[in-house]
Amino acid sequence: MGHTLLFTGQPGAGKTTLVKKLAQSLGSQAGGFYTQELRGQGGRQGFELVTLAGKQALLAHTKIRGPHRVGRYGVDIAAIDRVGVAAIRQALDQRQIVVIDEIGKMELFSSAFQGIVLKAMSSPCLVVATVMSRPHAWINALKAMPQVVLWQVTSANREALLTQAIGWLDAHR
């Protein structure tokens, strides 16, 4: 069984920024995806998935209609499955360090996503992921798995955590 490093923290603490910098430092050793905000007139309009291989897909947007919603955003489950799940699967197939940003409410609408996250965390691959801090039964169970190390990200420690995470990965390879 592999090792999993989960970053948690409040929205805006810098979890995605930390994971993007970590993935950049790993280069071709890492696969997976991160999320980024889509901003427009009036502020944040949605989110997109961006794989470390450069593919993009709209994850959630104010203009997406349908039953799967988080706040004012409609969630495109097909995009999660087509791009996010595929990126994790490819990272596993290539024995890369698996990067997942994020394991959160939007992504959890997809049962395929939940399945591939469990597969990644049970594989011999190293996994680095961000996870929401709010209580959620499925995520609480992930956090309690024996191979998981959970680090709290704050605006005060996020820069130092990059160096610590690189050291953690080096120690577990």
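**Strands, a bent helix and a few odd spots**

Strand 2 and strand 3 run antiparallel, joined by eight bridges. Helices (H or I, at least four residues) and strands (E, at least two) are DSSP runs here, numbered from the N terminus, and two strands pair if DSSP finds at least two bridges between them. All of this comes from a predicted model, in which local features need pLDDT of at least 70 and side-chain atom pairs count only at pLDDT 80 or more, while totals for chains, interfaces and linings use all residues. Residues are numbered from 1 along each chain as its sequence is written, and side-chain values use heavy atoms, with hydrogens and water left out.

Back to the two strands. Between them sit two residues, making a hairpin, and G42 in that turn has a positive phi of about 95 degrees. Strand 3 also pairs with strand 4, again in the antiparallel sense, over five bridges. That second hairpin has four residues between its strands, and its turn holds G54, with a positive phi of about 100 degrees. E48 is a handy residue for following the pairing across: E48 in strand 3 is the bridge partner of Q36, and in strand 4 the bridge partner of E48 is L58. As for cover, eight of the nine residues of strand 3 are buried, where buried means under 20% relative accessible area, exposed means over 50% and partly exposed lies in between (1.4 Å probe, protein chains only).

Zooming out, nine strands make an open sheet with mixed pairing, in the order 5-6-4-3-2-7-8-1-9. The edges belong to strand 5 (69-70) and strand 9 (148-152), each of which pairs on one side only. In general, strands of a sheet pair through backbone hydrogen bonds, either parallel or antiparallel. Along with the nine strands, the protein has five helices, and the pattern along the sequence reads β-α-β-β-β-β-β-α-β-α-β-α-β-α.

What about overall size? The C-alpha atoms fill a box of roughly 45 × 35 × 30 Å along the principal axes. The radius of gyration is 15 Å, which agrees with the value near 16 Å for a compact globule of 173 residues; this radius is taken over C-alpha atoms, and the globule rule is 2.2 Å times the number of residues to the power 0.38. Buried residues make up 51% of the 173. Of the contacts (heavy atoms within 4.5 Å) with a separation of 6 or more, 65% are between residues 24 or more positions apart.

Helix 2 deserves a closer look. Its 17 residues (77-93) reach 23 Å from the first C-alpha to the last, close to the 24 Å expected at 1.5 Å a residue; the expected span is 1.5 Å times one less than the number of residues. The helix has a kink of about 25 degrees centred on A86, where the bend is the angle between axes fitted to the seven residues ending there and the seven starting there. At the start of helix 2, a side-chain oxygen of D76 comes to within 3.1 Å of the backbone nitrogen of A78. The buried residues of helix 2 include I77, I80, V83, G84, A87, I88 and A91. An α-helix has 3.6 residues a turn, so residues three or four places apart point the same way. Among the elements that the buried residues of helix 2 pack against are strand 2 (30-40), strand 3 (43-51), strand 7 (97-103) and helix 3 (111-122).

Next comes the loop between helix 2 and strand 7, which holds R95 and Q96. R95 has a positive phi of about 55 degrees although it is not a glycine. R95 is exposed, with a relative accessible area of 60%, whereas Q96 counts as buried at 13% relative accessibility. The side chain of Q96 reaches the backbone oxygen of A30 at 3.3 Å, a polar contact (a pair of N or O atoms within 3.5 Å; within protein, one must be able to donate a hydrogen and the other to accept it, and residues adjacent in sequence count only if both atoms are side-chain atoms). Leaving aside neighbours within four places in sequence, the contacts of Q96 include S28, G31, Q90 and C125.

Two more spots round things off. A cis peptide bond, with omega about 20 degrees, joins D101 and E102, and E102 lies in strand 7. Most residues other than glycine have a negative phi, and most peptide bonds are trans. Finally, Q147 sits in the loop between helix 4 (137-143) and strand 9. Q147 is buried, with a relative accessible area of 7%, and its side chain reaches the backbone oxygen of M121 at 2.9 Å.
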